[in-house]
Amino acid sequence: MKKLISLFVCISLLCLSCVALADGKVTPPAETTVTTIAQAVEDVNGDGAADTATLTGKQVPDAVYVENLSLTVKDGATGETAELALYENAGYAPKLWIGSLTAPESREIMVTLESGGSGGTCYYSVFGAKDGGYAPIFDTEAYCAENIFDVTFEDQYLVRVQSAADGTVCVLSLANREADYLNELYNEDGTLKSAATGDVYGLGYMLPVDTDGDGVCELVAFQSVCGLYHADALGTLMNVLHWDGERFVSNGQSVIVPMEAPAAASEAEAAAEAEVPAETPAAETEAPAEAPSAEPEQNGAVG
């Protein structure tokens, strides 16, 4: 009897679904709509008139993913609109920034877009005014192709991070890592059991910062430095880029290492500490009674 009831319920639900389809009452998937994501007004071509940069894209309602991103700049003097081709036009959390990157009086446009992947990488497109129009002066693909880093494990619990472009070297210490991690890589004398390498992941966050106070922002780029696997975070590579008149070049690289809490005492150390007898408190001696003052006690304020 129970089987018959279940079968009847399933058939009824199927019939209702078919009726809904026939009547066209099934709710279709939400359609993406073109929306203005960000807009900024600045004189970006240097003619003295304020221009309008607009970032638009198609976004599903209640979703954070955006596709078909488009950047346009409307000339404040002529009213003409130019469309600028972005390095990547789909992703998450798109942002628009306008500021000085090449000279104090200039205004460049930067679009930031998060990839949404596990690597935490982002896409960047930077444009500057050139020959009456606009030209890209930075993009993620060119940066990654020019900034390659080798990560190599070395004896005595060290990791070497070296730029393939200019040979800059930063050496990291693994001395504070867990014993299990180190035992996987090193012998008891600190020598490597076998060759091991890590990786520097793609471009993560990049911020425009005026690091030297000259009125022109540098691009401060961050990339994750990883060891044996992606979750094996060794630090964050920081690369400061400045405009040399033709392109962005490195003005200094360093690796930021996260602070670690002091390692907990091992079981052997805890046991040894427990065997140490508690220190016997020193015997208290009774202080001699204070001799009475020879001067009479005064009441009230002293004149």
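In this predicted model, the largest nonpolar core (buried Ala, Val, Leu, Ile, Met, Phe, Trp, Tyr and Cys residues joined through side-chain atoms within 4.5 Å; buried is under 20% relative accessible area with a 1.4 Å probe, protein chains only) has 18 residues, and Phe153, Val161, Leu174 and Leu234 touch the most other members. At least two residues of this core come from each of β9 (149-154), β10 (158-163), α3 (179-185) and β15 (233-243), with helices (H or I, at least four residues) and strands (E, at least two) taken as DSSP runs numbered from the N terminus. A separate core of 17 residues lies apart from it, including Val44, Ala53, Leu55 and Ile98.

Leaving aside residues up to four places away in sequence, Val161 is in contact (heavy atoms within 4.5 Å) with Asp150, Val151, Thr168, Val169, Cys170, Leu172, Val200, Val225, Leu237 and Val255.

As for empty space, there's one cavity of 30 Å³ or more (a set of points on a 1 Å grid over the protein atoms alone where a 1.4 Å probe fits but cannot get out; lining residues have an atom within 4 Å of a point). The largest cavity comes to about 30 Å³, a volume being the space filled by probe spheres set on the points. Leu86, Glu88, Val111, Leu113, Tyr123, Tyr124 and Ser125 line it: five nonpolar, one polar and one charged. β7 (122-130) and β6 (108-114) each supply at least two lining residues, and β7 gives the most, with three.

Residues are numbered from 1 along each chain as its sequence is written, and side-chain values use heavy atoms, with hydrogens and water left out. Local features need pLDDT of at least 70 and side-chain atom pairs count only at pLDDT 80 or more, while totals for chains, interfaces and linings use all residues.

Note on methods
1 Å grid on protein atoms, 1.4 Å probe; cavity = no way out; pocket = protein on both sides within 12 Å on 5 of 7 lines; lining within 4 Å. Nonpolar A, V, L, I, M, F, W, Y, C, P; charged D, E, K, R; others polar. Buried < 20%, exposed > 50% of the residue type's maximum accessible area, 1.4 Å probe, protein only.
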